[in-house]
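Reader: I am new to this structure. Could you take me through the main points?

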Amino acid sequence: MTLYEFNALDEAEQIEVIWDSPNVGERNDGDYKIKLFQIDSFYVETYRHIEHDVLKRIRSFSSIDQLQPYIGQIDISNL
């Protein structure tokens, strides 16, 4: 799947793809728990409101520069 194909999916379809993908990192930012998933050649972050336990945002990207907050968590041993 490409980033473009993922972005063309509706939210329910995106969530289905995300949950079948490896979780490669997570972090907290304010009121949100952000989880990072790898899907083929791109990444997806899910933003879940901690207090209300509600998914608020899905953000996809392919730039490795945006992986900076996860650098210490990502296992690159298989690369």
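Author: The sheet comes first, then the helix on it and the nonpolar cores. This is a predicted model, in which local features need pLDDT of at least 70 and side-chain atom pairs count only at pLDDT 80 or more, while totals for chains, interfaces and linings use all residues. Residues are numbered from 1 along each chain as its sequence is written, and side-chain values use heavy atoms, leaving out hydrogens and water.

Reader: In what order do the strands form the sheet?

Author: The order is 1-2-3-4 in an open sheet of four strands, with antiparallel pairing. Strands here are DSSP runs (E, at least two residues), numbered from the N terminus, and two of them pair if DSSP finds at least two bridges between them.

Reader: Which are the edge strands?

Author: Strand 1 (23-29) and strand 4 (54-61) each pair on one side only.

Reader: How many bridges join strand 3 to strand 4?

Author: Seven bridges join strand 3 (residues 42-49) to strand 4. In one of them, Val44 has Ser60 of strand 4 as its partner.

Reader: What does helix 2 touch?

Author: Helix 2 (residues 11-19; helices are DSSP runs of H or I, at least four residues) packs on the sheet and touches strand 2 (32-39), strand 3 and strand 4. Contact means heavy atoms within 4.5 Å.

Reader: Changing topic, which residues make up the largest nonpolar core?

Author: Its eight residues are Val24, Ile34, Leu36, Tyr43, Tyr47, Phe61, Leu67 and Tyr70. Such a core is a set of buried Ala, Val, Leu, Ile, Met, Phe, Trp, Tyr and Cys residues joined through side-chain atoms within 4.5 Å, where buried means under 20% relative accessible area with a 1.4 Å probe, protein chains only.

Reader: What lies apart from it?

Author: Another core, of seven residues, lies apart from that one, and Val17, Ile18, Ile39 and Val44 are among its members.

Methods:
Axes are lines fitted to C-alpha atoms, for helices over the stretch in contact, and angles run from 0 to 180 degrees between N-to-C directions. Buried means under 20% relative accessible area, exposed over 50%, partly exposed in between (1.4 Å probe, protein chains only).
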